[in-house]
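Biologist: Could you walk me through this model before I go back to the bench? I would like to go topic by topic and interrupt with short questions.

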Amino acid sequence: MSWDDKLLKQAKKIIKLYPQKRSALGPLLHLAQSKDGYISDDSITVISELVGITEVQVKSVSTFYSMYKQEPTGKYLLSVCKSISCEINNSSEVINKVQEFTGLNNNETDEEELFTFEAVECIGACGGAPAVQVNYETVEGVTPENAINLCKWLKETKPDVVVADEMQENFGGIKSFDWAIQDNSGATSTAPGFQTLKTTKVKK
Amino acid sequence: MKETILLTKHMRDNPEGSHLIDSYEKNNGYSTAKKTILESSPEKILEEIKASNIRGRGGAGFPTGVKWGFLAEDEDRYLVINADESEPGTFKDRILLERDPHQLIEGIIITCFSANIKEAFIYIRGEYAKPARRVQQAVEQAYQKGYLGKNIFGSEINLDIVVHLGAGAYICGEETALLNSLEGRRGEPRLKPPYFPAVKGLYMKPTLVNNVETISSVPWIIENGGEEYNKLGVEGSTGTRIFSLSGHVNNPGNYEIEMGSSFGEFVETLGGGIRNNKKVKAYIPGGASAPWFRGDQLDIKMTIDDVANNNSMLGSGAVVMMDEDTNLVSAAKSIVSFFAHESCGQCTPCREGTTWLEMILDRIASGRGRTSDMNLLLDVCDNISPGLSWPPKMTTICPLGPSAVSPITSLMNDFRDEVESLIPTKVLL
Amino acid sequence: MNEKVNLNVNGIEIESDPNKLLIEACEDSGIHIPRFCWHKRLDPVGMCRMCLVEVETPRGKMLVPSCTTEVSDEMVVDTESDVVKKAQEGVLEFLLINHPLDCPICDKAGECPLQDQTMAYGPGESRFVEEKRHFEKPINISEIILLDRERCILCARCTRFSDEISGDPLIEFIQRGNKTEVNTFPNEPFKSYFSGNTVQICPVGALTSTSYRFKARPWDLKSTRSTCNGCSMGCSTELNSSQNKMLRILGVDNDTVNQGWLCDKGRYNFEYLNSDSRLKTPLKKIENELVEIEIQDVYSELSEVIKDRQTKVNFLLGSNLTNEDYVAFREFSEIISQSEKCFYLNDDMLHPGFFGENVELAKVDDLNSSDAIVVWAEDLKEKIPVLYLRIRQAVKNGVKLVVFGHTNETLSDIADVFYGKETVSENFEIVKDISKLKEIKEYVIGKNITAILGKSTPHQSDKSVTKLFEFLNSNSNSKVLNAYSKGNTYGAFQTLENVKGLNDFVNDISEENTDLLFIVGADPVGRSVYSNQIKSIIEGLDKVVALDNFNHETSELANFLIPMSSTLGEKEGTFTNIEFRTSRIDKLVPSPGQTVSDWEFITSLMNFAGLTVETNSLESLNKKAYENLDPSLSPVFDNLDKPSNLDGMVNVSKPKISSTDNNSNEVKFFTGEKLYGDSATERHSDSISLLGSKKYIEVGEGVIEKYNLTSGKCTLIQDEFEVAVSYEVNKSFPNDLIYIPTNRRELNKFDFSREIMIIPSLVKEALDVN
């Protein structure tokens, strides 16, 4: 097994949350994503044993959902929204700028494994269009210029915790709603930052 | 036109931490749940919900009281909160999750009490990481206070809540697909019949699946009475509703209003009008699945029935304004691409049809269209949604396929010239 | 309770059982609704949408899939309206936009539902001008199955089959939406015993088998209905040939037996028929050399031996004979031998079974109607695979399953209780008080039970199973299915008397009591755990005649070797299955060279010797076989050929089995047979020949430690004899148990009553497969 004891313990804790083991499949795949930056065949084997289904059944589920990546991702997953509200608010220009800066086509990762770029469907930030997520941390009202600034900042400072509120303050604009009090929790991998997965930290 | 603030009251009044239990309790939070658990009865709660005439806020608008009433008897029953908000244009659940998670938890406690449910799941779309963290934190706080877990509020009642993260699949907003997903399967919609969640839901047990906004409304309804709620809004669309306004407006955002005013009034007052004083060319009244209205149809009233009578739907309450400069073919293509990307692939017409529509639109948008494509587009649509009528008939398992048809029929009915102008004239050689 | 409902379909009133699906009800009334994903034996999924019809509802006419809609009284249905036709044409067009136009090179063309329905309902030309979806084609997803994802229409028949029916979900949908494909996990290919069924039910040419690929066109095929004699299930088959060569075997939906399914061995173990290694001329051993000989000379030499009718003749009969063959040997023995008649079956595990006065025998269908099924027998998945499927089906329908012993660990995933090593000892004894087992109290006592009982391994004492039988018989309302697994064992039971197994053969047979031994279709030297003893007994005999398809380790010891027709496809006759259901074995291809049927050989021999035989034709043998039964109900050819009897006729009889218990042998090793071995027929069937070639053992966890095994390989040593094998740990085994599959080459050659040394192998090359 290629998962260390700590991760296995976490996995078993998650399994216990559900009346049936298989329900933990989704969260366990998020764990796999946080571990390797994608769903490796090794992780599939581990998960199939933990949940008691065949490997191809795990694969079948993991490839259904767009957040479980089938290829390794960079440290930062840049997801630029292209759905209707963003589309009519110039998201294509944001996409162009990010692609220009990173030199990446859709679903590509750079050689330094710093960025993975994707143009994605609606991320629920339509009032703050165009919107971007970095490791599922949302930034709203991103101008093409600020998109580049955001990328530059990530490249230069390489934060280990990506925090929505911090990015919004520095690179965001119009918001879907008042975010109110500053929140310093964020994501530590290309899996969503979430307590149960131990993929979130508070940035000091 | 003004907002009517019920659901969003606590968060507005307490910007410095409305997501925390202290703030919530300071504003009488959890008192309704406590009273309910200790003093009320499941039947009474159900009566109030029925009296409120609240209809589901997820999109389909099914009467909530009726839904609860359908729940089959069983020792194991589940409540699943549908927080998989993914319909383009919609971001109203996000604010409720992020800014007032305790209101949702309180709603869950009351709902589970009424339906005799001991385990609830909140299925939050994976991309809503921050909202999910807020909800998880709130759940943990509620456990610490003894509002969740064993013997809640000192009663004999037990209730557990698990916050479950989705992983990027719009289709999981469809309730049976959501249940499959929660069971660790592909998020493919189940067949109805026989798999109605109220009878054969999660783990084949009777399951209530309700939207975040619906359940967040429950504490107010129980505290103030179903009758009071029923007085708000108009018949058939009672209470308040949070509309997500986006597109080319000056003040996009979430607005809690009583249903009944016109879209035009809504946009002009709360929305601050269209940017740069432009005119509206078209708008989407209820999320990406809804057929569009033209700019000259702004006087349609924002009620479930008025919108339906005009051959569209209020859906998830997402209003997207498109001004006179909007390239509607690109807009339609964006929506069709969305549905093609999100099709689960189970049934043939949706899997093959939505992608084909996307390809044809792409051809037209990039100047490679053919004259025959006009009819082809409509005929492919017809093979997904026969008759192109509203509400849509469908050759598909679930409404996702027909949703991709909406923008195309809108385009072809009202803006055909715009499409035709992109098709190059044939040069005779 | 079976009140019918009436519905109106296309203006015609039809009647149907309630709860039926509309598509079935229509089919029963002769109204065909096109479909791809719906299959009678699989749960409906309503995915392809080809079967949409219009049903009148209070809200007007609605398009509904007829495969997921149940009939109701006074339902009004239109399967041919313009809306329906348009929808069906639309679905076909959708399916075709990404379907390659490679019908000219596709195996399925000519019997392809997609092709047929395109002709019947489809659009004339394609309006799809974009590029079709592309995949690498085809890919091997197992040794015997290929997958062409471009042809796949994603009907989920294969994925549902492997999940719902065979319970080995190794093939699945991958990706979603328009990118969806069917595939396997790279390291875990489609290793199923039932994979061939997915090829059969694939509605396009996406799944194909290596054995049939590019071999023939459906319109060139000849076919006949027959019965598989691979194990005692007796699955109904359709044999297909072209240019006198057997090319394919399909499962026929016999509701009471196999319901359309076959195991892969039953389906693919036929290529040996065309093998160059087949015996085609009679051979005689002269100075240890087998030389060709005229059949007349065989008859002449043998008739010298038998004509005085004082010859002491014995028979060692395989399980691949037809009932008519068995009768021919019985009649032969009646005429030429004065001693007590006795027939040895090629079976290590023959035991008296449970056929007494107090026993009610079960039918396979009883599995579905019991409260619980109790299993203690050989590994049914390995030995009677389709019975294993029927058990799975019963469990899916809510029947409880109680499984004893590690041999049926393969059922543990669906068993309500699996009594493993804590309950069943290494010596195959139930070591606990059965009546005190919790689940026995819950599921068994006082309930309707179908008990599948038999020996788990050759060295197990008969008594241990009897103990369980007696408990069930006195504490529940039980019916028994005796789990004899080998081919036509029940045919032998029905036609022969004084039947014994190989352990009795070893104890009984000697020069003194055997002037002449016939070994028919049996290779005990190559398979049996009594291999060494049997070999030396045969070597000690004067005259041994072997009848077989191939020369093998047993037949090579004979004085005469007679080339036989194969019961598969080259003979006519009858076969009796595990529930005493007798059905037709049919001939489709010519028998090569001078091969003859067993009965033909023995009848000709008697004719040659001038002995009067009444039964000198297949028909007369067939009548003779069932002379004690009511002529109108007996499975004689005339009756079996009536359309209503094609699925076979059941005539339960009480067999006369006189095998003796072998409990003197102390069990040291657990032996058994895997589905795939390296028998002569398997070795000469190219598609499957490698599947049973791996020499391996399974061991309990303690064995690893005890022998210090680490490399995955080890060597078994006894005296001078050694075999290099790989090993797999089986966690359900008692700690020290070692399982040795005796149908893998060489592995049956040990003396299992004595110690076998195990040493770890360090050199990888020591393990040469095949």
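Modeller: Domain bounds, which I will use straight away, come from an automatic or database domain assignment. This is a predicted model, in which local features need pLDDT of at least 70 and side-chain atom pairs count only at pLDDT 80 or more, while totals for chains, interfaces and linings use all residues. Residues are numbered from 1 along each chain as its sequence is written, and chains are lettered from A and ligands numbered from 1 in the order in which they are written.

Biologist: Fine, so which domains is chain B divided into?
Modeller: Chain B has domain 1 at 9–231, domain 2 at 233–323 and domain 3 at 328–420. Between the C-alpha centres of domain 1 and domain 2 of chain B there are 26 Å.

Biologist: How many residues of those two domains of chain B are in contact?
Modeller: Domain 1 of chain B puts 19 residues in contact with 18 residues of domain 2 of chain B, where a contact is two residues whose C-beta atoms, placed from the backbone, lie within 7 Å. On the domain 1 side of that contact, α6 (92–99), α10 (212–224) and α11 (226–231) of chain B each supply at least two residues; helices (H or I, at least four residues) and strands (E, at least two) are DSSP runs numbered from the N terminus.

Biologist: And what is that side made of, by class?
Modeller: The side of domain 1 of chain B that touches domain 2 of chain B has five nonpolar, nine polar and five charged residues. Here Ala, Val, Leu, Ile, Met, Phe, Trp, Tyr, Cys and Pro count as nonpolar, Asp, Glu, Lys and Arg as charged, and the others, Gly among them, as polar.

Biologist: Let's step back to chain B as a whole: how many helices and strands does the secondary structure come to?
Modeller: Chain B comes to 18 helices and 11 strands. Its radius of gyration is 22 Å, close to the 22 Å that the globule rule gives for 429 residues, so chain B is as compact as a globular protein of that length. That radius is taken over C-alpha atoms, and the globule rule is 2.2 Å times the number of residues to the power 0.38. The C-alpha trace of chain B spans about 85 × 45 × 35 Å along its principal axes.

Biologist: What percentage of chain B is buried?
Modeller: Buried residues are 62% of the 429 in chain B, where buried requires 20 or more other C-beta atoms within 10 Å of the residue's own, exposed 12 or fewer, and partly exposed a number in between, with C-beta atoms placed from the backbone.

Biologist: Now the sheet, please: what is the strand order?
Modeller: In chain B an open sheet of five strands runs β8-β7-β11-β9-β10 with mixed pairing, and two strands pair if DSSP finds at least two bridges between them. The edge strands are β8 and β10 (293–294) of chain B, each pairing on one side only. Strand β9 (residues 280–284) of chain B is antiparallel to β11(B) and joined to that strand by four bridges, and B:Val280 has B:Asp323 in β11(B) as its bridge partner.

Biologist: What is B:Tyr283 in contact with?
Modeller: Leaving aside neighbours within four places in sequence, B:Tyr283 is in contact with B:Phe263, B:Trp292, B:Phe293, B:Val319, B:Val320, B:Met321 and B:Met322.

Biologist: Over to the other chains, then: how many residues of chain B are in contact with chain A?
Modeller: There, 56 residues of chain B are in contact with 54 residues of chain A. Helix α14(B) gives the most to the chain B side, with seven residues, and that side divides into 23 nonpolar, 22 polar and 11 charged residues.

Biologist: How many residues does the contact between chain C and chain B take?
Modeller: That contact takes 25 residues from chain C and 23 residues from chain B. On the chain C side, the largest share, eight residues, comes from helix α2 (residues 82–97) of chain C.

Biologist: Last topic, backbone oddities: where is the cis peptide bond in chain B?
Modeller: A cis peptide bond with omega about -5° joins B:Lys192 and B:Pro193, and B:Pro193 sits in the loop between α9 and β4 (207–211) of chain B.

Biologist: And is C:Glu287 buried or exposed?
Modeller: C:Glu287 is exposed, with 5 other C-beta atoms within 10 Å. Although not a glycine, C:Glu287 has a positive phi of about 50°, and its place is the loop between β14 (283–286) and β15 (289–292) of chain C.
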